[in-house]
Amino acid sequence: MALWGGRFQGGSSQMFRQVNDSLPFDQILASQDIRGSIIWSRAIARAGVLSDEEQARMERALKGLLVRAEAGELDFAGSQEEDIHSFVEAALIDELGDLARKLHTGRSRNDQVATDFRLWVKEHCAQLQQDLRQLHRSLVKSAERHQQVILPGYTHLQRAQPLRYPHWCLAYVEMFKRDMGRLDDLMRRMDQCPLGSGALAGTTYAIDRQEIAEQLGFASPCLNSLDAVSDRDYVLELLFCASTSMMHLSRMAEDMIFFNSGEAGFLRLGDQVTSGSSLMPQKKNPDALELIRGKCGRVFGSLQGLLVTMKGLPLAYNKDMQEDKEGAFDAVNQWHICLMIACEVVDSVELDAARCAQAAQQGYANATELADYLVGKGVPFRTAHDISGQVVLAALAEGKAIEELPLEQLRGFSDLIEEDVYQVLQLEYLVDKRNVLGGTGKAPVTAALQQELASIDIKQNP
Ligand code: ARG
């Protein structure tokens with residue numbers, strides 16, 4: 001039976017129920033709803049609405065429901081209830097009869113759903129932090145396994161300057177650390193409890209909101225009842241965190257899809273994260289990475305969808321806000337899945353060091369080095385850039401690398417060029433010269449890697 005039947009003479013239409021009922025998706029909030037109800041029963045008992053004996057019976061029954069909810073034993077499919085709040089109340093009435101009808105005293109589904117959803121978001125932030133830590137670990141371990149590999153770095157997808165592979169890994173580590181930081185910020189900001197705000201204006205019962213907040217694990221109560229029931233910023237922020245992190249995952253996926261292509265051939269992916277073609281027997285496709293890239297669409301869509309839903313809503317609660325859930329549940333699930341599969345992909349990667357080095361050597365990645373060599377001999381950089389460009393043009397015409405041109409020919413472009421230029425043009429030399437903090441040289445990369453290795457040890461084996 002609906003929670004609001006008294007004022008109505010006719011029932012709801014089938015079509016109305018289809019658009020209105022949220023139980024098919026908000027059943028996910030069962031355990032949060034029951035835990036909130038336990039704490040609420042304590043609060044109203046303190047306010048004199050329930051005797052201690054009544055509260056104890058109610059708490060016992062709710063705890064029984066909680067056990068069944070966590071074991072997945074509640075029968076949502078067979079229920080006619082509108083949403084998870086009515087479902088829990090109806091289940092309690094089944095068990096306790098009239099006593100259960102006292103539970104909703106002073107409470108509204110508006111503060112109830114806001115509390116349930118906050119609890120759910122908090123719990124999932126913690127789970128996602130753990131997922132991000134796992135990916136952090138996978139990337140750092142991959143960097144450690146392939147410390148010596150040098151591969152081409154790109155701008156405009158044109159070979160630009162060579163990089164150490166760990167430098168590439170640690171670039172993504174920085175992004176995922178920021179994602180963790182964003183979740184930290186969100187968790188701190190949203191750590192306020194709406195329960196006790198009533199429908200919109202607060203409640204007349206003498207409840208202790210501070211105590212309710214503490215018992216539900218929040219740092220403090222929300223300070224304004226109107227805002228408490230209307231606010232969905234924490235869902236939007238979570239969706240922004242998910243979107244940004246999915247964007248990072250997608251860029252990493254795109255890099256790896258390219259590295260894995262026949263043209264680049266820098267890395268091989270494990271069988272466990274790839275699939276074949278039904279027609280072309282030779283194919284091994286990077287499906288896991290493509291799906292990470294592909295799933296960004298729906299996650300970004302959920303963020304956009306909720307922003308649009310919220311933007312025209314007058315205070316306080318409006319039923320539009322029921323649309324906050326499905327997109328968020330899906331986005332969090334997809335983000336979690338993508339983080340986990342990204343770990344598997346990174347763990348499965350095997351690098352072809354020779355192929356990476358060969359590609360890094362080609363493409364005139366050492367042209368900047370030649371210019372810098374001339375700068376070292378007193379040539380202004382702009383002039384040196386021009387000379388080096390002419391050398392590249394001549395080498396291109398002969399289909400050779402710069403270092404394959406004989407000294408005599410190089411001296412034709414500048415007589416400041418001497419035998420020592422060949423050492424400067426070598427791959428390792430030019431990579432390791434980038435020794436500035438944050439650069440790709442061996443020293444800064446090793447230092448950064450050691451730091452990350454220490455941090456995963458601290459975080460994961462405290
Ligand atoms: N199912 C609703 C939601 O998810 C619960 C709140 C209903 N409140 C109300 N006044 N009808 O938003």
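Domain bounds here come from an automatic or database domain assignment. This is a predicted model, in which local features need pLDDT of at least 70 and side-chain atom pairs count only at pLDDT 80 or more, while totals for chains, interfaces and linings use all residues. Residues are numbered from 1 along each chain as its sequence is written, and side-chain values use heavy atoms, with hydrogens and water left out.

**Exercise 1.** Find the domains, then describe how domain 2 meets domain 3.

*Solution.* Start with the bounds: domain 1 covers 5-105, domain 2 covers 110-358 and domain 3 covers 362-450. Next, look at the contacts (heavy atoms within 4.5 Å): 17 residues of domain 2 touch 18 residues of domain 3. Finally, take the buried area (accessible area, 1.4 Å probe, that two parts lose on being put together, summed over both). It is about 1500 Å² between domain 2 and domain 3, with 59% from carbon and sulfur atoms.

**Exercise 2.** Which side chain meets that of Glu 428 in a salt bridge, and how many salt bridges are counted between domain 2 and domain 3?

*Solution.* Recall the rule: a side-chain nitrogen of Lys or Arg within 4 Å of a carboxyl oxygen of Asp or Glu. Glu 428 pairs with Arg 164, at 4.0 Å from N to O. The count between domain 2 and domain 3 is two salt bridges. Now see which elements supply the side of domain 2 that touches domain 3: α6 (109-145), β2, α7 (165-189) and α13 (353-361) each give at least two residues. Helices (H or I, at least four residues) and strands (E, at least two) are DSSP runs, numbered from the N terminus. Strand β2 gives the most, with six residues.
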